[in-house]
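Here is a short tour of how the strands and helices fit together in this model. Have the viewer open as you read along.

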Amino acid sequence: MKAIAVRPGTANSMHLREVPEPNVTDVEGGRGVLVKVLRVGVDGTDKEINAAEYGAAPPGDDYLITGHESFGQVVEVGPNVPTTIRPGTYVVASVRRPGSTIYGQIGLQDFTTDDVYYERGINLLHGYLTEYYVEDAQYVFPLPDNLAEVGVLLEPTTVAEKGINHAFEIQRRLKVWEPRSACILGSGTIGLLTALAARLRGLELTVYSLPQRPYRNADLIGELGGAYFSSQDATLAEVSSERGPFDLMFDATGFSPIVWEAAEVLGKNGVLVLSSITGGDRKAEISSDRINQSFVLGNKVMVGTVNASPADFRTGVDDLIKAEALYPGWLEQLLTTPIRGLENYEQMIRELTENREAIKVYVEVAQNGAPPA
C-alpha cells in the first residue's frame with residue numbers, strides 16, 4: 001500500500017513509497033483495530049519533520065511515515081475490542097504512546113518525564129499518511145456519523161481541550177472558580193479551535209492576533225460571538241482595558257514574547273496556558289517586578305500544555321458534537337485546503353509552506369464509506 005514518508009535526518013526527503021499492509025492481528029490480545037484512512041490533517045510539525053528539524057524512524061526502518069492528525073473508518077476489529085468500535089465506525093487515533101514512566105502506565109503519557117517520546121508520525125512510530133493502519137483499541141476514539149466531514153479536526157481540538165480542561169482542574173484549588181472572560185492569543189487552527197472550546201463553556205471571547213481585517217479568521221471569531229483585535233491596531237494592554245480582566249488566557253501564537261504581555265494583563269485568580277512550541281532564541285525585556293508581584297498577590301497561574309490524554313479526546317468529541325449543533329457549518333469552514341491523494345505530497349508541502357490563507361491543510365486519502373445500517 002502507499003504511504004507518505006521521510007528519511008529522518010535528511011532534509012526535503014518526503015516521498016511516496018510502498019509499505020506492507022497491516023493486519024488486525026499485529027496488535028496482541030485481540031485488541032487490534034484495522035482502519036481505512038480517510039483524511040489526515042497536516043501542520044507545521046509535518047513541515048518541520050520534512051526539514052529534518054526532528055523526527056526518528058521506528059527501530060528496523062530507515063523511513064518514517066508522517067501524519068499525526070488521523071480520521072478513518074474501521075475495517076476489522078479483534079475479538080477483544082469494545083463494542084463501541086465496530087466495522088464502519090468513524091474513528092480518530094491518538095498520537096503519543098507510553099514510555100517508561102508511571103504516567104504512561106496510568107494512561108497519562110502526555111505527562112511523561114521521558115526525554116524520548118513515542119509519537120505516531122513524529123518520533124519512533126509510523127504515522128497515518130497511508131492507506132491503512134492498525135492500532136490498539138485503547139488508543140482509538142469513535143465518532144458519530146454526523147462528524148464525518150469534520151472529524152479530522154479532533155486531534156488538533158484536543159490541544160485546546162487539554163489546555164482548558166487543565167485550567168479548570170488547577171483551579172479546583174479555589175473551590176469555586178467561575179471564569180467569565182477568555183482571551184485567545186493567535187488565530188490559526190489551534191487558536192480558532194480554542195476560541196470555540198471557550199465559547200462552548202460560556203466564556204466571553206476575545207481573540208488577539210497579528211493579521212488585520214479584512215480577515216476570514218476574524219469573521220469566524222465573529223460568528224462565535226467573539227471580538228477580534230489585531231496586534232497591529234492595539235496593544236494587548238489596551239485590549240485588556242476594553243475587554244478584560246481575563247480569567248483564562250491561552251497562547252497559540254508561536255511568538256514567545258507575547259507570553260509576558262499576557263502575564264501582565266491576566267486577571268486575579270486567572271490561568272495563562274502556554275501551548276506554543278518555540279524552538280528559537282528570542283529574548284524579551286519584561287516588567288519582571290510587576291509580573292512577579294501580580295502573580296503573587298493575584299494568585300495567578302502560568303502552565304504549559306502539550307499533547308492530550310484520552311479524557312481530552314472524549315471531551316473533544318463532545319465539543320465537536322455541540323459545535324455542529326450550536327454553530328452549524330462553522331467547523332467545516334476551517335477545512336480550507338484539501339490535497340487529493342497521497343501522491344500529491346509535494347503540493348501538501350507547498351500549501352504548508354506558502355499558503356498564508358490556509359486554516360487547515362489536509363490530505364483526502366480516500367472517500368468516506370457508508371456506515372453499515
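## A parallel pair

Let's start with one residue: Ala182 has Leu205 of S13 as its bridge partner. This model is predicted, and in it strand S12 (residues 181-185) and strand S13 (residues 204-209) run parallel, joined by five bridges.

Helix H6 (residues 236-243) packs on the sheet here, where H6 touches S12, S13, S14 and S15. The direction of H6 makes about 165° with that of S13.

## The six-stranded sheet

Now zoom out to the whole sheet. Its six strands follow the order S14-S13-S12-S15-S16-S17, and this open sheet has parallel pairing. Which strands stand at the edges? They are strand S14 (227-230) and strand S17 (301-304); each has a single partner strand, so one side of each is left without a neighbour in the sheet. From one strand to the next, the twist averages 15°.

Another helix to look for is H3 (residues 154-170), which lies across strand S15 (246-251), strand S16 (266-274) and S17. Relative to S15, helix H3 runs at about 145°.

## The three-stranded sheet

There is also an open sheet of three strands, in the order S2-S1-S4, and here the pairing is antiparallel. Strand S2 (15-18) and strand S4 (64-65) are the edge strands, each pairing on one side only.

How many bridges join strand S1 (residues 2-6) to S4? Two bridges link these antiparallel strands. To find a bridge pair on screen, pick Ala5, whose partner in S4 is Ile65.

Note on methods: Residues are numbered from 1 along each chain as its sequence is written. This is a predicted model: local features need pLDDT of at least 70, side-chain atom pairs count only at pLDDT 80 or more; totals for chains, interfaces and linings use all residues. Side-chain values use heavy atoms; hydrogens and water are left out. Two strands pair if DSSP finds at least two bridges between them. Helices (H or I, at least four residues) and strands (E, at least two) are DSSP runs, numbered from the N terminus. Axes are lines fitted to C-alpha atoms, for helices over the stretch in contact, and angles run from 0 to 180 degrees between N-to-C directions. Contact means heavy atoms within 4.5 Å.
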